[in-house]
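Hi,

Here is the structure I promised to send over. Have a look at it first, and then read on for my notes.

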Amino acid sequence: MAASAAEQGKGKRVQPPWSPPEGTKHSRLCLYNSLTRNKEIFQPQNGRKVLWYCCGPTVYDASHMGHARSYISFDILRRILRDYFKYDIFYCMNITDIDDKIIKRARQNYLFERYRENKSSPDQLLEDVKTASELFLVKLNETTDPDKKQMLERIQNAVKSAFDPLQEAVQAKFPAEEINRRHETLLDEAKDLLSDWLDAKFGSQVTDNSIFSKLPKFWEGEFHKDMEALNVLPPDVLTRVSEYVPEIVDFVKKIVDNGYGYVSNGSVYFDTMKFDSSEKHSYAKLVPEAVGDQKALQEGEGDLSISADRLSEKHSPNDFALWKCSKPGEPSWDSPWGKGRPGWHIECSAMAGSILGESMDIHGGGFDLRFPHHDNELAQSEAYFENDHWVRYFLHTGHLTIAGCKMSKSLKNFITIKDALKKHTARQLRLAFLMHSWKDTLDYSNNTMESAIQYEKFMNEFFLNVKDILRTPTDVTGQFQKWENQEAELNKNFYDKKAAIHEALCDNIDTRSVLEEMRSLVSQSNSYIAAKKSSRQMPNRLLLENISSYLTQMLKIFGAIESDDAIGFPVGGNSQNINIESTVMPYLQVLSEFREGVRQIAREKKVTEVLQLSDALRDDILPELGVRFEDHEGLPTVVKLVDKDTLLKEREEKKKIEEEKKRKKEEAARKKQEQEAAKLAKMKIPPHEMFKSEHDKYSKFDENGFPTHDTEGKELSKGQIKKLKKLYETQEKLYKDYLQMVQNGSAN
């Protein structure tokens with residue numbers, strides 16, 4: 001058959017040209033870099049591999065919420081970079097177990113325990129506290145920081161409140177048992193004061209290095225337990241200063257050899273002026289405006305390293321110790337410069353350098369470490385490696401305040417992690433941190449935690465509702481339901497929210513916005529479920545499963561869920577070896593259906609006792625087992641596995657609300673009764689008697705008991721008579737009604 005003219009004109013048929021879609025611009029991860037004080041595109045030095053160093057704790061006391069602020073925040077960032085952005089993270093953290101604070105605390109603890117063991121007499125204790133108070137008073141008077149002064153005054157007042165009762169007991173020769181009780185009280189209250197005095201007197205005699213290692217070893221162990229309880233991932237490498245002293249000595253030697261360090265009286269100092277004058281180096285990259293801040297510099301050097309003789313060893317007040325010549329009462333190690341110990345800043349440089357090399361991608365720490373600690377780290381490391389890029393991105397977590405007040409371990413104004421976990425779960429603490437920017441100040445308060453608790457509850461209810469929908473029996477083909485406009489709209493919102501969440505994570509890991517987008521997605525899903533149920537239609541299972549699985553996965557990435565469950569928070573805690581939900585739910589479903597059948601019969605037969613029993617099962621028995629039955633008119637009972645404590649708390653709150661309703665109802669009934677009684681009492685008064693008792697207003701009355709003169713004997717004005725006449729007529733009507741009630745027998 002002959003081809004058409006059109007086909008002949010085209011010749012041999014071929015595929016038409018194809019053009020790829022233009023696509024959309026991909027957002028890149030940006031992080032707030034303290035080195036520039038701007039958000040910068042994150043670009044690791046070596047492909048997807050990220051070298052990350054985080055400043056660890058100085059272990060001389062219990063870990064507190066300030067530590068949690070930093071380590072939970074970095075754990076969230078680490079997990080998101082690893083599990084969402086798919087970077088290959090190599091994470092190194094240090095433990096500072098040699099430090100002025102540790103040395104002083106270990107020495108004081110040792111001396112105070114020996115003092116306690118010696119069992120000084122009450123008279124001796126009183127004498128020693130008097131002597132120690134003189135030293136303490138000097139310290140108090142020299143303190144200019146108002147917060148520190150207030151803390152010292154609290155100690156002083158506590159000591160006085162324990163000193164006077166013991167002195168009184170000794171002078172009045174109280175029974176030995178009472179004197180001993182007061183003796184122990186003073187000993188406890190005066191611990192800080194006595195420890196300072198004992199340290200000043202005997203500190204130089206403490207020479208056993210094991211005394212200085214026992215304290216940090218204990219508190220390091222407690223720190224790791226706290227981190228595990230908070231679900232913070234352990235580092236890939238953990239370095240301790242005490243294990244890296246040879247490496248630190250070598251590091252200091254090279255800095256001196258490179259011309260940036262000098263030896264003075266057995267100590268080694270970093271020459272900040274020499275370093276800063278070099279063309280390829282710059283001192284204080286993070287906080288250049290802080291150079292010369294002697295208060296900050298001295299805090300960085302430590303309490304034991306700021307004596308006049310130590311400060312006079314420096315070429316410049318801005319120089320800092322790389323190696324400290326050990327004084328009596330301090331631990332020491334051999335070095336080319338004599339017995340000594342590492343400076344504070346050098347430890348991180350030497351340990352990070354030995355593990356991560358001459359340059360790392362990320363260095364993290366608390367905001368308060370920027371100067372002098374991190375600036376000094378940068379300077380000495382770049383002096384060692386002779387480069388200008390030891391750290392590419394410096395991340396600093398924000399401060400933590402407690403109900404708006406500054407938190408400080410040295411000011412004894414802190415909440416330990418263990419105490420925080422007694423009030424709230426690790427997930428609730430993490431959600432509180434996720435609801436705030438990692439780099440800004442976070443206020444740890446009741447309001448902050450209540451917001452986190454409500455968010456957790458909101459998400460959990462959604463997960464439980466979806467699980468209930470997914471448990472509805474269906475065949476294989478029944479799980480694939482036709483999509484209407486409602487499904488298409490919810491699905492569009494789902495993908496819009498996923499895109500918004502990605503944008504927020506790219507924007508400096510903005511978890512606060514992420515959680516709000518997740519909340520919004522849940523609200524939209526709840527509205528969809530409610531609309532479907534109100535029209536007696538089954539919500540789309542697969543769509544809700546996709547949404548809830550995505551939300552669960554995001555919470556897993558954030559470290560807020562530690563389980564293999566595809567949807568929602570784990571039931572029964574993370575330590576369960578079996579999936580409680582999949583094990584018990586079939587039995588609960590059978591119980592629910594049986595109960596619903598029994599209730600139906602009881603309603604038809606009007607057997608109220610059975611209905612009461614089924615309500616008791618729902619309200620009293622099942623909550624004790626962590627099971628919630630939700631009855632809905634005309635719909636199957638919703639079965640939910642919920643944390644037992646949560647259910648019992650809900651029950652208590654419900655009970656309180658019901659009791660309050662009952663109280664208000666009884667109060668309203670009582671008031672109504674009082675009002676009716678008062679009204680009846682008023683009705684009983686005959687009109688001719690109503691004014692006669694008011695002797696303070698009227699002196700004369702007519703034959704009907706109507707007032708004619710006031711108390712001064714003056715006749716009442718026409719206006720007054722008119723008003724009183726209205727009251728008289730009203731009472732006439734009330735009295736008439738009363739007489740009618742008496743006649744009808746209803747006056748009681």
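Which residue does K160 form a salt bridge with? The partner is D164, and the closest N and O atoms of the two are 2.8 Å apart. Keep in mind as you click around that this is a predicted model. Both K160 and D164 sit in helix α5 (residues 146-171), where they are four residues apart, about one turn of the helix. D164 counts as partly exposed, because its relative accessibility is 33%.

That pair is part of a longer list: the structure holds 60 salt bridges. Here are a couple of others to pull up.

R427 and E456 meet through their side chains in a salt bridge, at 2.9 Å from N to O. This one ties together distant parts of the chain, with R427 in helix α16 (residues 426-434) and E456 in helix α17 (residues 446-470), 29 residues apart. Both R427 and E456 are buried.

Then there is K654 with D619, a salt bridge whose closest N and O atoms are 4.0 Å apart. It also links distant parts of the chain: K654 belongs to helix α23 and D619 to helix α22 (residues 608-621), 35 residues apart. K654 has a relative accessible area of 43%, so it is partly exposed, and D619 is partly exposed too, at 25%. Salt bridges with shared partners join these two into one network with R595, E596, R599, R603, D615, R618 and D631.

Helix α23 (residues 644-683) turns up again on the surface, where it gives the largest share, four residues, of a negative patch. The patch gathers E450, E652, E653, E658 and E659. E652, which lies in helix α23, is partly exposed, with a relative accessible area of 39%.

For a buried acid, try D226 in helix α8 (residues 209-229). Its relative accessibility is 4%, so D226 counts as buried. The side chain of D226 makes a polar contact of 2.8 Å with that of K418.

Last, the loop between β2 (38-41) and β3 (49-54), which holds N46 and also Q43. N46 counts as exposed because its relative accessibility is 53%, while Q43, at 45%, counts as partly exposed. The C-alpha atoms of N46 and D361 are separated by 9.1 Å, though the two residues are 315 apart along the chain. For Q43 and R392, 349 residues apart along the chain, the C-alpha separation is 9.1 Å.

Shout if you want to go through any of this together.

Cheers

Terms used:
Residues numbered from 1 in each chain as written. Predicted model: local features only at pLDDT ≥ 70, side-chain atom pairs only at ≥ 80, totals over all residues. Heavy atoms only, no water. Patch = residues over 30% accessible without salt bridge, like charges linked within 9 Å, V, L, I, M, F, W, Y side chains within 5 Å. Areas by Shrake-Rupley, 256 points an atom, 1.4 Å probe, with all protein chains shown as cover. Lys, Arg positive; Asp, Glu negative; His and termini not counted. Charge placed at Lys NZ, Arg CZ, Asp CG, Glu CD. Helix = DSSP H or I, 4+ residues; strand = E, 2+ residues; numbered from the N terminus. Buried < 20%, exposed > 50% of the residue type's maximum accessible area, 1.4 Å probe, protein only. Polar contact = N/O pair within 3.5 Å; in protein donor to acceptor, adjacent residues only side chain to side chain.
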